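I am opening a fresh page for this structure. My plan is to look up one chain, then the contact between chains, then the cores.

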Amino acid sequence: MASLRCLRELSRRATTVLSINQTRLISSLPISEPCGTTITHATPRSLTRDLPWCNLCSRSQGRHFSSKANDTDESSEGEDDDDDGDDEEEDYEDSAEMEVEREYSPAEKVEAAAEIGYKVMGPLKPSERLFKPYEPVFAVVQIGSHQFKVSNGDSIFTEKLKFCDINDKLVLTKVLLLGSASQTIIGRPILPDATVHAVVEEHALDEKVLIFKKKRRKNYRRTTGHRQELTKLRITDIQGIEKPEPTIVHKPSKAADTEQPEAELVG
Amino acid sequence: MTRIKRGYIARRRRTKLRLFASSFQGAHSRLMRERTMTQQRIRALVSARRDKKKRKRDFRRLWITRINAVIHETEVFYSYNRFIHNLYKKQLLLNRKILAQIALLNRSCLYTISNEIKK
């Protein structure tokens, strides 16, 4: 359940937010920035997702991750896709993976095996702006045996997904529930028409956990370390539900009072 | 055999121990020669291992409690067990973690779900 990376990111963001004055909320700006970035990997504490306060958090704070492939720096948000022209269009499964002898060479088998994790690979396109501002719509998606409640702009840590690379677009097909402020669409068990689009941000290892076994009075103790392999996905879009149109109230021209602009949701 | 000085081997090990036990209370973070720190480190690691397994149980209990609390408010004589039974009858696959999150954040959503299920 817990990826330690998830907890670290949360604590990091909590400290940055506490240092920032929370009364200034930023309305939905026409900048391609993922607003309302909250991490929803099974934290039992309820994060208030109505406030897009995570806009103000700075992201680059000394990440330590060992991603494979290209240099995808997380410094700029919307430019994950147009970072380099290094498109690895080669067949990922053919050459390198000799550790596990599975015959994944035909692309159709890849698709079939990817269905187990309930994702479908989309092509990766550099120089494409995917990241939309936050919309108050959520979906419950299942990946493997874990379920996540996601919304636009969230990042998720899942078990390592085998058949995708960094900067790959994924479509998560197993959607169990769609919800918004006015509407709830329940799938029995899944919704066939709903899709959730995500982008693979990184393949990384979790923080090391020490496994210590001891039997007392029997002179037995063992220490092992373990790093779990994770994939970080960023959710870009949810389709299959009507999204409420936010009506932006423009701020008055007075610079003295910073009013809270209220985005009225017309359901 | 050539003479070998032990150099910084012991110091490294002790520094690591010190760092690990640095947040412990009282003598448990201070006494290295009386072996208190070593023992407390062992106890900490053993607890960690045991509680990793317990954590899954604990959270499931928490989720069930939360769902139960919200479900009781919907109707008289309606409770968690009936809710889950109806959930399985209508072939929904939502797990308790998600239901608890929905119960916290989008409570109206959960009411919608429970009304759908009861039909």
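**Entry 1: chain B.** I began with the secondary structure of chain B, which comes to five helices and zero strands. I read the order from the N terminus as α-α-α-α-α. I noted that this is a predicted model. Next I checked burial: 31% of the 119 residues of chain B count as buried. I also looked at sequence separation. Of the contacts in chain B between residues at least 6 apart in sequence, 43% join residues at least 24 apart.

**Entry 2: the contact between chains.** How many residues does each chain bring to the contact? I found 29 residues from chain A and 27 residues from chain B. The size of an interface is often given as the accessible area lost when the parts come together. I therefore looked up that area: chain A and chain B bury about 2600 Å² between them. Carbon and sulfur atoms carry 67% of it.

**Entry 3: charged and polar pairs.** I counted one salt bridge between chain A and chain B. Which residues form it? Glu116(B) pairs with Arg188(A), and their closest N and O atoms are 3.1 Å apart. I then turned to polar contacts, and the interface of chain A and chain B has four residue pairs of this kind, with both residues at pLDDT 80 or more.

**Entry 4: the chain A side.** I listed the elements of chain A that give two or more residues to the side touching chain B. They are strands S2 (138-143), S3 (146-151), S6 (175-179), S7 (184-186) and S9 (209-215). S9(A) supplies the largest share, six residues. By type, I sorted this side of chain A into 16 nonpolar, six polar and seven charged residues.

**Entry 5: the cores.** In soluble globular proteins, nonpolar side chains tend to be buried together. I looked for such groups here. The largest nonpolar core has 26 residues. The members that touch the most others are Leu177(A), Phe83(B), Leu94(B), Ile102(B), Leu110(B) and Ile113(B). Two or more residues of this core come from each of S2 and S6 of chain A, and from each of helices H2 (36-74), H3 (80-89), H4 (96-105) and H5 (107-118) of chain B.

I picked out Leu94(B) and set aside its neighbours within four places in sequence. In chain A, Leu94(B) is in contact with Val140(A), Gln147(A), Leu176(A) and Leu177(A). In chain B, Leu94(B) is in contact with Leu87(B), Leu99(B) and Ile113(B).

My last look-up was a second, separate core of 22 residues. Among them are Leu178(A), Val196(A), Val200(A) and Ile241(A).

Note on methods: Residues are numbered from 1 along each chain as its sequence is written. Chains are lettered from A and ligands numbered from 1 in the order in which they are written. This is a predicted model: local features need pLDDT of at least 70, side-chain atom pairs count only at pLDDT 80 or more; totals for chains, interfaces and linings use all residues. Side-chain values use heavy atoms; hydrogens and water are left out. Contact means heavy atoms within 4.5 Å. Buried area is the accessible area (1.4 Å probe) that two parts lose on being put together, summed over both. A salt bridge is a side-chain nitrogen of Lys or Arg within 4 Å of a carboxyl oxygen of Asp or Glu. A polar contact is a pair of N or O atoms within 3.5 Å; within protein, one must be able to donate a hydrogen and the other to accept it, and residues adjacent in sequence count only if both atoms are side-chain atoms. Helices (H or I, at least four residues) and strands (E, at least two) are DSSP runs, numbered from the N terminus. Ala, Val, Leu, Ile, Met, Phe, Trp, Tyr, Cys and Pro count as nonpolar, Asp, Glu, Lys and Arg as charged, and the others, Gly among them, as polar. A nonpolar core is a set of buried Ala, Val, Leu, Ile, Met, Phe, Trp, Tyr and Cys residues joined through side-chain atoms within 4.5 Å. Buried means under 20% relative accessible area, exposed over 50%, partly exposed in between (1.4 Å probe, protein chains only).
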